[in-house]
Amino acid sequence: LLLSLPAAATQPDLSGHWVLELSLVISAKVPVFGQTELVTRTTMLASIADGVQHHTTCAVNPSSPLRMVTTIIPDSFIRNIKDKSYPITIGDDGSYRADFGPQHIAYDPAISGGDPPIEADDPAVFDWEGDGNPGATILIDAPLFGRSEVYITQIAHTRLIGQITSPDTITGGLNIAALHQRSIGAKPAIFASNPEATPVEEKSSFVMRRVSEGTTCADL
């Protein structure tokens with residue numbers, strides 16, 4: 001009887017340091033240009049210990065097929081994104097699950113009721129970077145206008161659903177529990193638009209790779 005029992009599965013030890021790269025695809029209806037797909041690539045430095053993962057956001061790089069328009073996420077924006085710690089789940093089949101929880105950008109959800117405010121003078125809105133502008137500031141480079149500023153509020157809630165493919169690699173997809181962004185102002189005002197946007201989960205993905213202890217965002 002003992003010989004016929006299956007051996008207990010051994011879960012891999014994921015303790016250590018990782019680079020986590022997310023690729024989020026969004027389908028958006030952009031004024032003038034129509035329906036298009038936007039891709040945001042986020043690079044994070046992560047560590048895992050005792051079943052808890054911690055990450056720091058290093059870079060956020062949006063891109064789109066609209067080559068004449070470039071969106072830039074400034075370093076001052078990224079520096080104010082709070083680090084996250086959350087439990088991870090590892091299955092006997094090598095599955096991997098992580099839930100970042102909600103991330104609120106430039107507003108207090110306790111005051112707003114949870115959703116991102118739509119007006120710059122909403123009492124829940126605050127100056128994200130301390131640059132004197134309401135909300136969080138992103139930059140737009142476009143012909144004729146040069147560099148413009150857009151002020152936003154945002155909630156994002158991402159879950160990772162993946163598979164441990166080797167002791168040093170985890171890959172998988174994204175489940176977007178929430179993603180709502182509101183433009184609450186802009187200079188010039190023409191850029192303060194709120195296009196319809198929907199995450200495309202089947203095209204979104206993530207990959208985690210081990211890195212050496214002491215690796216920094218600057219190294220990545």
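In this predicted model, D75 is found in helix α1, which covers residues 75-79. With a relative accessibility of 56%, D75 counts as exposed, because the cut-off for that class is over 50%. The C-alpha atom of D75 is 15 Å from that of L220, and the two residues are 145 positions apart along the chain.

A contrasting case is I26, which belongs to strand β1. The relative accessible area of I26 is 15%, and the residue is therefore classed as buried, the limit being under 20%. Along the chain, I26 and V200 are 174 residues apart, yet 5.4 Å separates their C-alpha atoms. V200 is also among the contacts of I26 when neighbours within four places in sequence are left aside. The other residues in contact with I26 on that basis are T36, E37, L38, L179, A197, T198 and P199.

Strand pairing was examined around β5. Strand β3 (residues 52-63) and strand β5 (residues 84-90) run antiparallel and are joined by four bridges. Within this pairing, Q53 has Y86 of β5 as its bridge partner. Strand β5 also pairs with strand β6 (residues 95-105), again in the antiparallel sense, over three bridges. Here T89 stands opposite R97 in β6. Four residues lie between the strands in the hairpin of β5 and β6, and in this hairpin G94 takes a positive phi near 85 degrees. In a regular strand, side chains alternate between the two faces of the sheet.

The interior was described in terms of nonpolar cores. The largest of these has 22 residues, and L14, Y96, L160 and F206 are those with the most contacts inside it. At least two residues of this core come from each of β1 (16-30), β2 (34-49), β5, β6, β8, β9 (169-187) and β11 (205-211). The strand giving the most is β1, which supplies five residues. Y96 touches the three other residues named above, L14, L160 and F206, with residues up to four places away in sequence not counted. On the same basis, Y96 also touches Q53, I88, T89, I161, G162, Q163, I164, I170 and M208. Two of these, Q53 and T89, take part in the strand pairings already described: Q53 as the bridge partner of Y86, and T89 opposite R97. A second core, separate from the one just described, has 16 residues, including I73, I81, W128 and A142.

Nonpolar side chains also form a patch at the surface. L144, F145 and I190 make this patch, which has an area of about 400 Å². F145 is placed in the loop between β7 (136-142) and β8 (146-166). The relative accessible area of F145 is 41%, so the residue counts as partly exposed.

Five salt bridges are present in the structure. Side chains of opposite charge can pair when their charged atoms come close. One of the salt bridges is between K203 and E37, with an N to O distance of 3.0 Å. The pair links distant parts of the chain, 166 residues apart, with K203 in the loop between β10 (196-199) and β11 and E37 in strand β2. K203 is partly exposed at 47% relative accessibility, and E37 is likewise partly exposed, with a relative accessible area of 32%. E37 is also one of the residues in contact with I26.

Another salt bridge is formed by D99 and R159, whose closest N and O atoms are 3.0 Å apart. D99 lies in strand β6 and R159 in strand β8, and the pair links parts of the chain that are 60 residues apart. Both residues are partly exposed: D99 has a relative accessibility of 32%, and R159 has a relative accessible area of 31%.

D168 and R210 form a further salt bridge, again with 3.0 Å between the closest N and O atoms. Because D168 lies in the loop between β8 and β9 while R210 is in strand β11, this pair ties together parts that are 42 residues apart in sequence. D168 counts as partly exposed at 39% relative accessibility, as does R210 at 27%.

Key. Residues numbered from 1 in each chain as written. Predicted model: local features only at pLDDT ≥ 70, side-chain atom pairs only at ≥ 80, totals over all residues. Heavy atoms only, no water. Patch = residues over 30% accessible without salt bridge, like charges linked within 9 Å, V, L, I, M, F, W, Y side chains within 5 Å. Areas by Shrake-Rupley, 256 points an atom, 1.4 Å probe, with all protein chains shown as cover. Salt bridge = Lys/Arg side-chain N within 4 Å of Asp/Glu carboxyl O. Buried < 20%, exposed > 50% of the residue type's maximum accessible area, 1.4 Å probe, protein only. Pairing = 2+ DSSP bridges. Core = buried A, V, L, I, M, F, W, Y, C linked by side-chain atoms within 4.5 Å. Contact = heavy atoms within 4.5 Å.
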